[in-house]
Every structure is written in structure tokens, then in C-alpha cells.
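User: I should like to examine how the terms applied to this model are justified. Please set each value against its definition.

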Amino acid sequence: MSTEVLPDIALIGLGNMGSPMAARLIGAGYRVTGFDLDPAARDRLTANGGTGVVTAVEAARAASVVILMLPNSTVVEAVVRDLLDAAALAPGSVVVDMSSSDPASTRELAQTLSAADVTLVDAPVSGGVKGAENGKLTIMVGGSPEAFDTVRPVLESLGTPRLGGDVGAGHAIKAINNLLSATHLLATAEAAAAAQRFGLDPAVLIDMVNTSSGRSGSTDNKYPNFILPGTYDSGFALALMLKDMKIATDLAAKVGAPALLGEQAVAMWERAQTELEPGADHTEIARWIDNNVDDPVADDSAADSEASKKALAQRIRDIHGTWDDGWQSILDLRPAFLAAYADLAEVPWKKNHLDDKTKELIYLAVDAAATHLHSPGVRQHIRAALDHGATPDEIMETIELTATLGIHAMNIGVPLLTEVLEEEGLRDTPAELTSYQRSLQEQFTTERGYWHEFWDEILELDPEMFEAYTEFSALPWRTGSLSPKVKELIYIAFDSAATHLYVKGWKLHIRNAIHHGATKEEILEVMEISSALGFQSATTAFPILADELDRRSRRSASSPDAIGGSQS
Ligand code: NAD
């Protein structure tokens with residue numbers, strides 16, 4: 001009998017797949033600590049014999065192998081960044097990304113992790129929830145042969161791992177597999193609809209195809225188990241399938257491979273997504289094809305424009321996590337304007353140098369700044385920040401940082417005062433600082449990591465105010481959990497807002513952010529988010545315009561005289 005000590009495992013992402021995978025690992029004797037944003041998923045892990053904890057950092061600290069089973073690369077990157085920021089990954093440990101992620105992002109992440117002496121292995125899976133439950137997943141691994149050997153025993157408790165190539169290979173194979181699988185499913189749905197309209201029983205068709213050359217995973221698994229019984233409950237969401245398809249077609253585009261059929265399949269799945277309920281299972285595509293089979297990609301302009309409006313509304317939901325009558329009025333009155341805005345607002349969400357949570361805190365700082373105070377945006381971005389995993393403390397800290405903006409009255413006003421005093425002959429040179437003033441200067445420099453000449457005159461002329469402000473502004477620096485870099489990005493956010501544009505502070509905080517490790521891409525992303533503020537003209541004014549137009553049309557419909565009156 002082997003006496004080898006099993007490594008402790010952290011599993012982050014305990015959804016449809018992660019939860020049964022954790023149960024398999026526990027059954028194989030591993031100690032599993034897990035985290036999911038959803039408290040019910042954490043409780044499920046604890047009930048299954050693992051330990052559900054309340055942060056990913058806590059889970060990772062308890063393990064030498066950290067498995068991720070998350071929705072997509074954006075979430076994976078954000079989680080890994082949090083783990084690195086908190087130094088939660090021990091040197092020599094391994095992160096195994098079993099999510100279906102984007103291979104390009106995986107390769108970048110592998111480099112970032114290797115700088116912290118952590119190895120990344122990608123190991124996405126095929127086999128669905130059932131395969132996860134019974135340990136029969138196909139596991140497509142990317143990484144070095146040594147890294148594969150390290151994690152192979154863990155993966156063998158979940159299914160059959162096979163090494164496909166260097167890091168990123170597993171994710172590439174998985175995405176290409178799913179493009180194939182989704183295309184088969186579409187073709188099978190069209191075939192079944194044709195057979196049925198010809199008077200055949202689709203179950204008979206599928207049964208015969210399964211012993212013929214047209215068979216596929218769709219005919220031998222998805223049709224008999226989820227589509228023919230009408231349950232549409234495979235546990236794999238349509239949105240996740242579409243994500244994988246797009247990873248594969250993007251990969252083909254990048255390497256110059258043909259993907260005409262793949263692009264067409266993506267277009268049809270995209271259309272299905274806009275027409276089906278959010279959260280629909282991917283097997284619903286068969287029902288959708290059946291209901292639209294007369295011509296699912298018909299060039300019917302009314303249907304097309306209805307579908308493209310739905311798709312545009314979905315884009316705004318994807319970017320901002322919100323939709324209401326205000327947005328609807330812009331869509332109704334000026335869809336092209338809304339589409340152009342979506343292109344603009346999407347830039348930071350495509351480049352993703354900042355994680356989603358930080359982006360939402362930046363939007364919040366812009367909208368909550370005293371020079372702007374856009375309450376609908378404040379509510380929207382607090383909600384979205386919570387959805388992206390921000391804690392109430394992090395949101396309060398963002399507000400505390402933003403509430404320092406009022407000091408700009410002093411930053412601009414005191415130099416103006418000294419200028420006038422000098423012009424009036426009431427002041428010559430700056431007075432020497434007292435020891436009290438010097439100690440205030442030292443305290444500020446230590447706590448905030450910088451000194452700027454615009455504090456000189458405030459400290460000299462009004463040390464009481466300077467001291468009180470130092471205390472006021474230092475609170476988030478003493479008690480908050482946001483990194484110094486993110487704090488500085490928040491200052492940049494409100495200094496760069498079009499309703500404030502405080503150039504002196506803006507430049508200072510760009511410099512401070514760079515000193516705290518921010519990249520130029522991250523700083524640009526903050527300003528891209530600030531730029532979205534201009535569209536609040538539309539979100540405020542379009543609903544009012546729509547309302548006024550509606551009132552007029554109702555008035556003229558109910559009173560023909562009113563029309564005559566207004567025309568005369
Ligand atoms: P899911 O939506 O059921 O689970 C994802 C889980 O991640 C959710 O419980 C969610 O709360 C959690 N989560 C999201 N953000 C988080 C964060 N920042 N920190 C911690 N937890 C977070 O999805 P799933 O079906 O389990 O799929 C997971 C991955 O596996 C996806 O990449 C998917 O494409 C892939 N996959 C799924 C299947 C399937 O049949 N469901 C099959 C193969 C591969």
C-alpha cells in the first residue's frame with residue numbers, strides 16, 4: 001500500500017461541475033477546501049465532507065494544488081490576481097485551471113504565475129455533469145510533462161487526463177472540441193426537424209443514426225438524454241457553450257485558419273441566446289431550431305431588426321449589468337446611437353487589464369464624486385460591484401477615497417490666497433515650518449507614500465485643517481483592504497471625470513499609481529471608464545424626450561382640436 005501523502009486541494013468555483021468534482025476528490029481521500037461566490041455552493045461542499053470557506057485566498061492558503069472551475073478567463077484572471085496580491089499561492093504550488101478558458105489568456109497567466117514560482121496547468125474537461133459525478137471526464141491537459149506528472153494523480157480521480165502539449169494546449173483543444181460539438185448539435189437539430197416534418201419519429205432517426213456514420217455526441221448523448229425527453233437540463237449553459245465557440249473561432253482567425261461554418265454556427269447560437277431566456281441550457285438550441293426551423297437565418301428585415309435590438313440590449317446588459325426604461329427609450333429612438341455607445345463602453349471590457357470588480361469600483365468613484373453625484377449610476381455600480389465579488393467594506397472604502405475630493409477647495413484656493421496676499425504686500429516669503437508642522441508633513445509622507453508641493457502652503461497657513469484632512473483621508477489607508485494601486489486608480493477616476501478634471505491631482509495620482517505597480521494599460525482603462533460619463537446625457541435626456549413625445553401623441557390622439565390649435 002502506498003504511504004504517499006496526498007496534497008491538500010483548494011477548489012475555487014463550486015457550480016454544476018466544480019461541486020461534483022469536489023465530491024469525487026473527497027471520495028478519493030483528498031482534503032478539499034473550497035470557495036464559491038454562492039454561499040449555498042460552499043455549504044454543499046461542507047456537507048459533502050470538504051471545507052467551504054468565505055474567500056478564495058483562504059481556500060488557496062490551505063492547499064498546494066489550487067483547482068479553478070470558473071465560468072471564463074476573465075473570472076480566472078481576477079481570482080488569480082487576488083491570490084497573487086494576497087501572496088496566497090505558496091512558491092512551488094500548482095494552479096490547475098479546469099475551466100474552459102481562452103488559451104491566449106492562459107499563456108499570459110502562466111508567465112505571471114511563474115514569476116511567483118507557481119506552475120499553471122490547464123486541464124479543461126469534457127463529459128458534462130454526469131462525467132463529473134462518476135469520475136469519467138476526459139481531461140485535456142496543457143503544461144510541461146513534469147507539471148503533468150505532478151497533477152496526474154489528482155486528475156485521475158476525476159477522469160482520464162491526457163497531455164495535449166504546452167500550457168494553453170488543453171484550453172485550445174477544449175474550445176475547438178466545443179465548436180465541433182455545438183456545430184454537430186445544430187446540424188442534428190435541423191436534421192431532426194426535417195425528419196419530423198417528413199412524418200418520422202425523431203427518436204427512431206436518432207437511434208438509427210447512432211449506428212450509422214452521422215452519429216456524434218449530440219446523437220448518442222444529448223438527444224436521448226436531454227432533448228428527446230424534453231427536459232433540456234444537461235447542466236451546461238448555452239452562454240458557456242457560446243463562449244467556447246467564440247474562443248475557437250477567434251483562435252482560427254488569429255492563426256488564419258478557415259472558420260466559415262464555425263462563424264455561421266456562432267451567429268446562429270448568438271441569435272438563439274438573444275431569443276431564449278437568460279441562463280438557458282445549451283440543449284435548448286434544439287428546441288429553438290425546431291421553433292424557428294422555417295428559416296432560422298431568414299433575411300426578414302423586421303425579425304432581423306427585432307433580433308438585433310434584442311442583441312444590442314443584451315450587449316448593454318453584458319457591459320453594465322443593467323437595463324431599464326431609460327436604456328429602452330434610447331434603443332427605441334436611436335438604436336444606432338446606442339450601438340455606437342456600446343462600442344465605446346465595451347473597450348475596457350474587451351481589454352480587461354483591470355478585473356471586473358475594480359472596474360465597477362472605478363465607475364462608482366466617477367458617479368459618486370461630489371462634482372457629479374449621479375445617483376442612478378451609484379446604485380447600478382454598487383449592485384454590479386457586489387455581483388463581481390466586492391465586499392461592502394471595499395465599496396465603503398471606495399466611497400471614503402472619493403469623499404476626499406472636497407479638499408481641492410484648499411488645493412486650488414490656498415495658492416490663490418497666497419498669490420493675492422503677495423500682490424497686496426501682505427506676505428513675502430514662506431514662513432519656516434514649526435516642529436508641529438514638520439511632524440504633520442512626516443506623518444503624511446509616511447502614510448501616503450508621497451509629498452507634493454501643493455500641500456506646502458496649506459500646511460504653512462492652515463496646519464489645523466491640514467491635520468484634520470490628513471486624518472480624514474488616511475482612514476482608508478489605515479483600515480482599508482484595497483491595494484495602494486487600486487486606491488490611486490480610484491483617485492484618478494474622479495480627478496479624470498469630465499465634471500471634475502482636476503489636472504494637478506490627476507497627474508500626481510498617475511505617478512503614484514505607477515509607483516505602486518500600475519501599468520499604462522490599467523491607467524488608460526480607468527480613463528476609458530471615466531469617458532463613459534458623457535453618455536449620461538443620453539440616459540438622462542432620452543427618457544424625458546420619450547415621455548414628452550408620448551404625452552404629445554396621446555394628447556393629439558384624444559383631442560383633434562389640440563392638433564388644430566397647435567398648428568395655427
Ligand atoms: P457554473 O456557472 O455552474 O459554475 C461556475 C461557478 O463559479 C458558480 O457557482 C459561480 O458562483 C462561481 N463563480 C463565479 N465567479 C466566481 C469568483 N470570482 N470566485 C468564486 N466563484 C465564482 O458553471 P459550470 O457549468 O460548473 O462550468 C464551469 C466551467 O466548466 C466553465 O468554464 C464551463 O465552460 C466548463 N464546463 C462545463 C461543463 C458542463 O457540462 N457544465 C462541461 C465542461 C466544461
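Annotated spans and domain contacts

Analyst: UniProt, in an unreviewed entry, places the feature "domain: 6-phosphogluconate dehydrogenase NADP-binding" at residues 8-160. UniProt positions follow the numbering used here, feature names are shortened, and annotations may be inferred rather than shown by experiment. Residues are numbered from 1 along each chain as its sequence is written. The model is predicted, so local features need pLDDT of at least 70 and side-chain atom pairs count only at pLDDT 80 or more, while totals for chains, interfaces and linings use all residues; side-chain values use heavy atoms, without hydrogens and water.

User: What makes up residues 8-160 in terms of helix and strand?

Analyst: Helix accounts for 45% and strand for 21% of residues 8-160, and the end C-alpha atoms are 21 Å apart. Helices (H or I, at least four residues) and strands (E, at least two) are DSSP runs, numbered from the N terminus. For residues 168-288, which the UniProt annotation "domain: 3-hydroxyisobutyrate dehydrogenase-like NAD-binding" (unreviewed entry) covers, the figures are 72% helix and 0% strand.

User: Why is the pair R197 and D290 called a salt bridge?

Analyst: The term requires a side-chain nitrogen of Lys or Arg within 4 Å of a carboxyl oxygen of Asp or Glu. The closest N and O atoms of R197 and D290 are 3.3 Å apart, therefore the pair meets the definition. The pair links distant parts of the chain, with R197 in helix α8 (residues 169-197) and D290 in helix α13 (residues 284-292), 93 residues apart. A search of the whole structure finds 24 salt bridges.

User: How do you know which residues form domain 3 and domain 4?

Analyst: The domain assignment gives domain 3 as 299-391 + 481-553 and domain 4 as 406-473; such bounds come from an automatic or database domain assignment. The centres of domain 3 and domain 4, taken over C-alpha atoms, are separated by 35 Å.

User: What shows that domain 3 and domain 4 are in contact?

Analyst: Contact means heavy atoms within 4.5 Å, and 10 residues of domain 3 are in contact with 8 residues of domain 4. The area buried between domain 3 and domain 4 is about 750 Å², with carbon and sulfur atoms giving 61%. Buried area is the accessible area (1.4 Å probe) that two parts lose on being put together, summed over both. In domain 3, Y502, K504 and L508 lose the most area to domain 4, together 61% of what that side buries.

User: How many salt bridges cross the interface of domain 3 and domain 4, and which helix gives the most to the side of domain 3 that touches domain 4?

Analyst: The rule finds 0 salt bridges across the interface of domain 3 and domain 4. On the side of domain 3 that touches domain 4, α24 (484-496) and α25 (503-515) each supply at least two residues, and α25 gives the most, with 5 residues.
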